[in-house]
Amino acid sequence: MQTTLHEKPLAVTTETLQAGLVDLIDLELQSKQAHWNVHGPLFREIHLQLDELVGVAREYADTVAERCAALGGVPDGRATTVADARPLPSVSGGQLDDQAVIDDICVLLGDMITRMRDRIGVTGETDPVTQDVFITLTAQLEKQAWFFRSHRLPGHHGA
């Protein structure tokens, strides 16, 4: 693999991409879990919004993995790798009230956005092309967080 990145920036960039991949696969799986188990007055809206979030996570997981591979890294999205490396908070199990789903997803997205913003900083020093991927991804995650927050009922402040 031929790249213009030097060894250390390349290693940092591919490690950062791998960590982002783990987060995105985890987000996709947890969002789908909530999608299957949400109930309540906002069922339809939240069910559909979760599908949109799954689509964002799936699309960017592919983009991040392909960027890692293009740089000579080896993206690893195996279930065991994701399970062993996942740092994100978990959505609740079982049947989920729509407001609980909103709270869980807002916490998960908030944590993930913080991690992605850190990755923007790291890759700004190592590879501006990868940084651009993380900037675009983070904008999409922030948009999704806004959509979920907009479904909070008046007086409900969430977790």
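Tutor: Buried means under 20% relative accessible area, exposed means over 50%, and partly exposed is in between (1.4 Å probe, protein chains only). This is a predicted model: local features need pLDDT of at least 70, side-chain atom pairs count only at pLDDT 80 or more, and totals for chains, interfaces and linings use all residues. Residues are numbered from 1 along each chain as its sequence is written, and side-chain values use heavy atoms, with hydrogens and water left out.

Student: OK, what percentage of the 159 residues in the protein is buried?

Tutor: The count runs over the 159 residues of the protein. Of these, the buried ones make up 45%.

Student: And in what order do the elements run from the N terminus on?

Tutor: You've got 5 helices and 2 strands to place, both taken as DSSP runs numbered from the N terminus (helices H or I, at least four residues; strands E, at least two). Walking along from the N terminus, you get α-β-α-α-β-α-α.

Student: What is the radius of gyration of the protein?

Tutor: Start with the globule rule, which is 2.2 Å times the number of residues to the power 0.38; for 159 residues that gives 15 Å. The protein is as compact as a globular protein of that length, because its value comes out close to the rule. Taken over C-alpha atoms, the radius of gyration is 16 Å.

Student: How far does the C-alpha trace span along its principal axes?

Tutor: Here we lay the C-alpha trace of the protein along its principal axes. The spans are about 55 × 30 × 20 Å.

Student: How much of the span of residues 16-151 is helix?

Tutor: That stretch carries the UniProt annotation "domain: Ferritin/DPS", from an unreviewed entry. Its end C-alpha atoms lie 32 Å apart. Strand makes up 3% of the span, and helix 79%.

Student: Helix H4, residues 98-126: how far does it reach from its first C-alpha to its last?

Tutor: H4 has 29 residues. The expected span, 1.5 Å times one less than the number of residues, is 42 Å for H4. The model comes close to that, with a reach of 41 Å.

Student: Which residue forms a salt bridge with Arg67?

Tutor: The search of the whole structure turns up 9 salt bridges, each a side-chain nitrogen of Lys or Arg within 4 Å of a carboxyl oxygen of Asp or Glu. For Arg67, the closest N and O atoms are 2.6 Å apart. The pair links distant parts of the chain: Arg67 sits in helix H2 (residues 43-70), and its partner is 60 residues away in the loop between H4 and helix H5 (128-149). Both are buried, and the partner is Asp127.

Student: Is Asp103 buried or exposed?

Tutor: Asp103 meets Arg152 in a salt bridge (3.4 Å, N to O). Asp103 is in helix H4, 49 residues from Arg152 in the segment after H5. Arg152, at 23% relative accessibility, counts as partly exposed. Because its relative accessibility is 10%, Asp103 counts as buried.

Student: Which residue does Arg117 meet in a salt bridge?

Tutor: This bridge spans 2.8 Å, N to O. It ties Arg117 in helix H4 to a residue in helix H5, 25 residues apart. Arg117 is partly exposed at 48% relative accessible area, and its partner is partly exposed too, at 29%. That partner is Glu142.

Student: How far apart in space are Ala139 and Ala65?

Tutor: Ala139 is in helix H5 and counts as partly exposed because its relative accessible area is 43%. Ala139 and Ala65 are 74 residues apart in sequence. In space, C-alpha to C-alpha, the separation is 19 Å.

Key: UniProt positions renumbered as here; feature names shortened; annotations may be inferred.
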